[in-house]
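Some questions about charged side chains and how they get their labels. Take a look at the model before reading on.

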Amino acid sequence: MTIPAYPRIRFTLLVLARHARRRWWLYGLASAMFGWAFCHYRLALNMSNSLPESMYLVVLGTQPTRVGQYVAFEWQRDQFYRRDWLFVKRVAGLPGQCVTVTQRSVYIDGKLAGYAKPVSRRGVPLAPIAPGVIPAGYVYAAASHPDSLDSRYRVTGLIATSRIVGTAYAIF
């Protein structure tokens, strides 16, 4: 049994084939640029209210150098979220700064970093981070939203630089 050739479909395929043959270099260049960008950048979506922006451009392989920068890191715990989720937070503390906790209020070098709630919205108990000096190879990542799951809680803790995917820049 043969499949009847429909004139419109055949014509459309011939036009597309001619177009691709004439512009092969353009498609090759676009593919190479997309491949390069995929190796150096990533988009991160903020699906919560923890930060005011919704989308971030992550520059892969870069580390934060100052307080206030956004950082993207992989979630490494089995609790609350999947292990491979990407989180974006603001760097609030760098190595050498002192973290103190007073009645669940967390301070970095005497400046309020946030309040550690006793339980999550789902009723899971949350312990505040242990006080101490941020060691080399770690950062304190935070967000201003009171429900943000960030370094003020022991379950998140300080973020190892090995878990940092890159620095993030807000798009919108």
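Exposed means over 50% relative accessible area, and buried means under 20%. The model is predicted.

Q: Why is arginine 121 called exposed?
A: Its relative accessibility is 72%. The cut-off is over 50%. Therefore arginine 121 counts as exposed.

Q: What makes the contact of arginine 121 and aspartate 147 a salt bridge?
A: The N to O distance is 3.9 Å. The limit is within 4 Å, so the pair qualifies. Arginine 121 sits in the loop between S7 and S8, and aspartate 147 in the loop between S9 and S10, 26 residues apart.

Q: Why is lysine 117 called buried or exposed?
A: Lysine 117 has 17% relative accessibility. Buried means under 20%, so lysine 117 is buried.

Q: Why is aspartate 147 called partly exposed?
A: The value for aspartate 147 is 31%. Partly exposed lies between under 20% and over 50%, so the label fits.

Q: How do you know that lysine 117 and aspartate 147 form a salt bridge?
A: Their side chains meet at 2.4 Å, N to O. That is within 4 Å, so the pair counts. The two residues lie in distant parts of the chain, 30 residues apart.

Q: What makes aspartate 150 and arginine 152 a salt bridge?
A: The closest N and O atoms are 2.7 Å apart. The cut-off is within 4 Å, so this pair qualifies. Both aspartate 150 and arginine 152 are buried.

Q: Which residues do shared salt-bridge partners join into one network?
A: Lys117, Arg121 and Asp147.

Conventions. Residues are numbered from 1 along each chain as its sequence is written. This is a predicted model: local features need pLDDT of at least 70, side-chain atom pairs count only at pLDDT 80 or more; totals for chains, interfaces and linings use all residues. Side-chain values use heavy atoms; hydrogens and water are left out. Helices (H or I, at least four residues) and strands (E, at least two) are DSSP runs, numbered from the N terminus. Buried means under 20% relative accessible area, exposed over 50%, partly exposed in between (1.4 Å probe, protein chains only).
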